[in-house]
Amino acid sequence: MSYDGGYNPYGQGYSAPPGAYPPQNSQVSPDAQQWFNMVDRDRSGKINCEELQAALANGKGQSFSETACKLMISMFDNDASGTIDIYEFEKLFNYINQWLTVFKTYDRDGSGHIDENELQQALTQMGFRFSPEFINFLIKKSDPQGQKEVSVDQFIVLCVQIQRFTEAFRIRDTQQNGTITIGFEDFLTVAIGSSI
């Protein structure tokens with residue numbers, strides 16, 4: 001099967017954020033600077049997971065999950081310090097705003113969450129063709145309280161995990177037919193490396 005207009009088992013995809021190292025004399029947007037100053041409670045010039053979590057609400061009256069905050073910091077933490085500086089934060093700030101826009105597109109009733117049908121539509125629009133059973137599994141995995149809904153932080157984590165596994169799968173799918181044979185240790189490498 002071809003990927004030029006034919007069935008794409010990986011979805012259209014979306015790229016991971018670029019590196020956050022700033023060019024010399026780069027400027028940070030005033031919005032990002034203002035948010036950074038509000039989030040950096042200890043005035044260290046760095047933002048950690050706890051500070052980020054305290055600053056982000058998921059639309060259901062709750063803070064973003066620790067899992068979501070750790071994931072997002074790790075995506076932009078180029079020096080592996082567990083924190084992000086102003087330049088890394090600006091990349092994260094833009095990234096979150098992009099995901100909020102996508103999320104709001106599917107949260108048509110403005111409830112602060114998307115349901116099973118809305119998640120199916122979102123993933124289909126991204127190019128994935130998942131079965132209703134798999135969508136149900138994703139909802140249950142994302143929402144342990146059993147309300148059958150996904151908040152924005154859960155949505156971001158879910159999409160990033162799907163992206164990471166898709167990329168790992170694509171590398172191993174040498175025939176580009178949506179099927180791979182994988183050894184146990186390679187599977188564990190993918191699972192552990194793609195998870196948070």
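Leaving aside the neighbours within four places in sequence, E90 is in contact with Q27, V28, S29 and A32 in this predicted model. The residue itself is found in helix α4, which spans residues 86–106. Although E90 is buried, it has no salt bridge, and the nearest side chain of opposite charge, that of K91, is 6.4 Å away. Side chains of opposite charge can pair when their charged atoms come close. A salt bridge is counted here when a side-chain nitrogen of Lys or Arg is within 4 Å of a carboxyl oxygen of Asp or Glu, so a separation of 6.4 Å between E90 and K91 does not qualify.

Helix α4 is also one of the elements against which the buried residues of α3 pack, together with α2 (49–55) and α7 (152–172). Helix α3 covers residues 66–76, and its buried residues are A68, C69, L71, M72, I73, M75 and F76. Two other residues of the same helix, E66 and K70, form a salt bridge in which the closest N and O atoms are 2.8 Å apart. Being four residues apart in α3, E66 and K70 are separated by about one helical turn. Both belong to the partly exposed class, because the relative accessibility of E66 is 39% and that of K70 is 42%, while buried means under 20% and exposed over 50%.

The structure holds three salt bridges, and the two that remain to be described link distant parts of the chain. In one of them, D79 pairs with K46, with 3.8 Å between the closest N and O atoms. D79 sits in the loop between α3 and α4, whereas K46 sits in the loop between α1 (30–39) and α2, and the two residues are 33 residues apart. D79 counts as partly exposed at 40% relative accessibility, and K46 is likewise partly exposed, with a relative accessible area of 27%.

In the other, the side chains of R172 and D186 meet at 2.9 Å, N to O. This pair joins helix α7, where R172 lies, to helix α8, where D186 lies, across 14 residues of sequence. R172 counts as partly exposed at 25% relative accessibility, and D186 does so at 29%.

Helix α8, made of residues 184–194, is also the place of F187, which is partly exposed with a relative accessible area of 43%. F187 helps to make a nonpolar surface patch of about 500 Å², to which I182, F184, L188 and I192 also belong. Membership in such a patch requires over 30% relative accessible area, so F187, at 43%, passes that cut-off.

Turning to helix α2, the reader will find A55 there, partly exposed with a relative accessible area of 28%. Apart from its neighbours within four places in sequence, A55 is in contact with W35 and V39. A55 and W35 are 20 residues apart in sequence, and their C-alpha atoms are 9.0 Å apart in space.

Finally, the UniProt record, an unreviewed entry, lists residues 27–62 and 94–129 under "domain: EF-hand". Over residues 94–129 the chain of the model is 64% helix and 8% strand, and the end C-alpha atoms of this stretch are 28 Å apart.

Technical notes:
Residues numbered from 1 in each chain as written. Predicted model: local features only at pLDDT ≥ 70, side-chain atom pairs only at ≥ 80, totals over all residues. Heavy atoms only, no water. Patch = residues over 30% accessible without salt bridge, like charges linked within 9 Å, V, L, I, M, F, W, Y side chains within 5 Å. Areas by Shrake-Rupley, 256 points an atom, 1.4 Å probe, with all protein chains shown as cover. Buried < 20%, exposed > 50% of the residue type's maximum accessible area, 1.4 Å probe, protein only. UniProt positions renumbered as here; feature names shortened; annotations may be inferred. Contact = heavy atoms within 4.5 Å. Lys, Arg positive; Asp, Glu negative; His and termini not counted.
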